[in-house]
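Grab a pen and work through these exercises with the structure open next to you. Each one sets a task, then walks through a solution.

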Amino acid sequence: MLQQILINTPVWVWALLAFLVYRGVVMSRDRQVTLRSLFILPVLMTALSLQGLIQHFGIRFESVGFWFISTVCVSLLNAAFLNKTGFRVVSERYIHMRGSWMPLVLMMLIFSCKYAENIAVAVQPALRDSTVFIGVCSISFGIMNGLFFGKLLAILSLLTKHKQAASIKTASMLTLADGHGAGETV
C-alpha cells in the first residue's frame, strides 16, 4: 500500500518537497533579507495549508474557523514571547537573520501533515465529514502557520521601533540644528 501511495503521488509534490528542503537549508545560514521577502514563506505555507483544508473539507467553521483562531492565537503568543536575538534591523529595507533549522522543521511538518491528510482522505473518504479529524487538521495547520506569522509580527514590531527611533533621532538633530542656528543670528 505504501508503495502504491508513493507511486501515485504527483511529481509536483516531490518538486515542492525539494523546494522546501532547499529553502530550509538556505534559512539555516545567517543572511540579510528584504522586508518583502519575509512575507513569502508565511504566505506560501498558509496557501499550502488552506488549499488542502478547503479542498477536502470546504469553507466551513470546523476547517477555516479553527485554522484562523489557532493561527491568530499562536501568532500573537509567538510574537510576544519570541526570542528576538535571532534577527536585527540593518536598515529600513534589510533585516539580518541568524540561521536556524526551525523553518525547515516547520516546513517539513506542514508538508508531512498535508501529505498525511491527503492520504487519509483518499483511503477513508468518510473523514471529510469527521468534525474531530477536520478540527485536528485545521488546528495543527493553524499552530504551524501561527509560528511563521508570529516571527513575522515580531520582526515587523522591531522594524517599527527602529523607524520610530530613527525619526526621533532625526527630529532631535533637526531641533538642535535649528536651535543652534537661531542662537547665532541673535
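A residue is called buried at under 20% relative accessible area, exposed at over 50%, and partly exposed in between (1.4 Å probe, protein chains only). This is a predicted model, in which local features need pLDDT of at least 70 and side-chain atom pairs count only at pLDDT 80 or more, while totals for chains, interfaces and linings use all residues. Residues are numbered from 1 along each chain as its sequence is written, and side-chain values use heavy atoms, with hydrogens and water left out.

**Exercise 1. Find the salt bridge and say how exposed its two partners are.**

Step 1: Set the criterion. A salt bridge needs a side-chain nitrogen of Lys or Arg within 4 Å of a carboxyl oxygen of Asp or Glu. Side chains of opposite charge can pair when their charged atoms come close.

Step 2: Search. The structure holds 1 salt bridge, and Glu 62 makes it with Arg 60, with 3.4 Å between the closest N and O atoms.

Step 3: Check exposure. Glu 62 has a relative accessible area of 25%, so it's partly exposed. Arg 60 is partly exposed too, because its value is 28%.

**Exercise 2. Lay out the elements of the chain in order.**

Step 1: Count. Helices (H or I, at least four residues) and strands (E, at least two) are DSSP runs, numbered from the N terminus. The chain has 6 helices and 3 strands.

Step 2: Read along from the N terminus, and you get α-α-β-α-α-β-β-α-α.

Step 3: Add the totals. Of the 186 residues in the chain, 33% are buried. Contact means heavy atoms within 4.5 Å; among contacts between residues at least 6 apart in sequence, 85% join residues at least 24 apart.

**Exercise 3. Work out how the strands pair.**

Step 1: Two strands pair if DSSP finds at least two bridges between them. S1 (residues 31-34) and S3 (residues 94-97) run antiparallel over 4 bridges. S2 (residues 87-89) pairs with S3 in the antiparallel sense as well, over 3 bridges.

Step 2: Look at the link. S2 and S3 form a hairpin, with 4 residues between them.

Step 3: Match up residues. Ile 95 in S3 stands opposite Val 33 and is also the bridge partner of Val 89. Gln 32 faces His 96 of S3.

Step 4: Sort the side chains of S1. In a regular strand the side chains alternate between the two faces of the sheet. Here, Arg 31 and Val 33 point to one face and are buried, whereas Gln 32 and Thr 34 point to the other and are not.

**Exercise 4. Which residues touch the most other members of the largest nonpolar core?**

Step 1: Define it. A nonpolar core is a set of buried Ala, Val, Leu, Ile, Met, Phe, Trp, Tyr and Cys residues joined through side-chain atoms within 4.5 Å.

Step 2: Pick out the hubs. The largest core has 23 residues, and Met 45, Leu 53, Phe 57, Met 107, Ile 110, Phe 141 and Phe 148 touch the most other members. Helices H2 (11-26), H3 (40-57), H5 (102-123) and H6 (131-185) each give two or more residues to this core.

Step 3: Zoom in on Phe 148. Neighbours within four places in sequence aside, Phe 148 contacts Leu 41, Pro 42, Met 45, Pro 103, Leu 106, Met 107 and Ile 110.

Step 4: Don't miss the other one. A second, separate core of 10 residues includes Phe 87, Ile 95, Leu 152 and Ala 154.

**Exercise 5. Is Val 121 buried or exposed, and what does Val 121 touch?**

Step 1: Val 121 sits in helix H5. Its relative accessibility is 3%, so it counts as buried.

Step 2: Leaving out residues up to four places away in sequence, Val 121 touches His 56, Phe 57, Arg 128 and Phe 133.

Step 3: Check one distance. Val 121 and Phe 133 are 12 residues apart along the chain, and their C-alpha atoms are separated by 9.9 Å.

**Exercise 6. Do the same for Ile 54.**

Step 1: Ile 54 belongs to helix H3. At 35% relative accessible area, Ile 54 is partly exposed.

Step 2: Not counting residues up to four places away in sequence, Ile 54 touches Ile 59 and Val 64. From Ile 54 to Val 64 is 10 residues in sequence and 7.5 Å in space, C-alpha to C-alpha.
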